[in-house]
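Work through the following exercises with the sequence and the 3D structure open beside you. Each one sets a task and is followed by a solution that goes step by step.

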Amino acid sequence: MTTHDKALICLWYEKDAEAAARFYAGIFPDTSVGKVHHSPADNPSAKKGEPLTVEFTVLGIPCLGLNGGPHFKQSEAFSFQVITEDQEETDRYWNAIVGNGGQESMCGWCKDKWGVSWQITPRFLAEAMNQGDSGRARRIFEAMMKMKKIDIAALEAAADAVPAEA
């Protein structure tokens, strides 16, 4: 991150922004941890000298982690959507997040142990929903709605299913 960046995402953590950034850097490509800035004075969320902010990138997206204390919590209103190429990559990211204190949700969504929401979305799903075949899209969508972690083979089977005649 540099001072010429015009926009970045600021994520509020209670006290573990640096740990979160290092966790993300260990999972995702094009992810790194930059400078850690320490509090110049005591404040409601940190004592003088404790980490206050950490610069990092997630999949090339510039972020700033703020150790802001317990005042605000993460919500599903914000999530990182990660497009995966295959089931192996989908499983790897999902299992890393959920398996390290995270939580499963529905339709490819999960939360890490800091409460940040992630959509682990196979490219097949993202593209198949926009191909213009409404029946196929409906079958894929209905299959996805029953899943937590996305199962690409099950989506492909739903996409190729022959609809029952009315």
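**Exercise 1.** Determine how many bridges join β1 to β4 and in which sense these strands run.

Solution. In this predicted model, β1 and β4 are parallel to each other and are joined by five bridges. One pair of residues makes this concrete, since Leu11 has Gly65 in β4 as its bridge partner. As general background, the strands of a sheet are paired through backbone hydrogen bonds, in either a parallel or an antiparallel way.

**Exercise 2.** Follow β4 to its pairing with β3, and describe how the chain passes between these two strands.

Solution. Begin with the pairing itself: β3 and β4, the latter covering residues 61-67, are antiparallel and share six bridges. Next, look at individual positions, where Thr53 is partnered with Leu66 in β4, while Thr57 lies opposite Pro62 of that strand. Finally, turn to the connection, which is a hairpin with two residues between the strands. Leu59 lies in this loop between β3 and β4, and its phi is positive, near 50°, although the residue is something other than glycine. With a relative accessible area of 29%, Leu59 is partly exposed.

**Exercise 3.** Give the strand order of the sheet that contains β1 to β4, and explain why one side of β1 and of β2 has no neighbour in the sheet.

Solution. The order is β1-β4-β3-β2, in an open sheet of four strands whose pairing is mixed. Because β1 (9-13) and β2 (32-38) are at the edges and each has a single partner strand, one side of each remains without a neighbour in the sheet. From one strand to the next, the twist averages 20°. To complete the picture, add helix α1, residues 17-27, which lies across β1, β2, β3 and β4 and runs at about 15° to β3. In the loop that leads from α1 to β2 you will find Asp30, a residue that is not a glycine and yet has a positive phi of about 55°. Asp30 is exposed, its relative accessible area being 58%.

**Exercise 4.** Find out which side chain of opposite charge is nearest to Glu55, and decide whether Glu55 is buried or exposed.

Solution. First place the residue, which belongs to strand β3, residues 51-58. Glu55 is buried, and the nearest side chain of opposite charge is that of Lys35, 5.7 Å away. A salt bridge requires the relevant atoms to be within 4 Å, and Glu55 has none. The side chain of Glu55 does, however, make a polar contact of 2.8 Å with the side chain of His37.

**Exercise 5.** Work out the strand order of the sheet that contains β5 to β8, and name the strands at its edges.

Solution. This open sheet of four strands has mixed pairing and the order β5-β8-β7-β6. Its edges are formed by β5 (79-84) and β6 (103-104), and since each has a single partner strand, one side of each is left without a neighbour in the sheet. At the β6 edge, two bridges connect β6 with β7 (residues 109-111) in the antiparallel sense, and Gln103 is opposite Lys111 in β7.

**Exercise 6.** State how many helices and strands the protein has, and describe the protein as a whole.

Solution. There are five helices and eight strands, and from the N terminus their succession reads β-α-β-β-β-β-α-β-β-β-α-α-α. Taken along the principal axes, the C-alpha atoms fill a box of roughly 70 × 30 × 25 Å. Of the 166 residues in the protein, 37% are buried.

How values were computed. Residues are numbered from 1 along each chain as its sequence is written. This is a predicted model: local features need pLDDT of at least 70, side-chain atom pairs count only at pLDDT 80 or more; totals for chains, interfaces and linings use all residues. Side-chain values use heavy atoms; hydrogens and water are left out. Buried means under 20% relative accessible area, exposed over 50%, partly exposed in between (1.4 Å probe, protein chains only). Lys and Arg count as positive and Asp and Glu as negative; His and the chain ends are not counted. A polar contact is a pair of N or O atoms within 3.5 Å; within protein, one must be able to donate a hydrogen and the other to accept it, and residues adjacent in sequence count only if both atoms are side-chain atoms. Two strands pair if DSSP finds at least two bridges between them. Axes are lines fitted to C-alpha atoms, for helices over the stretch in contact, and angles run from 0 to 180 degrees between N-to-C directions. Contact means heavy atoms within 4.5 Å.
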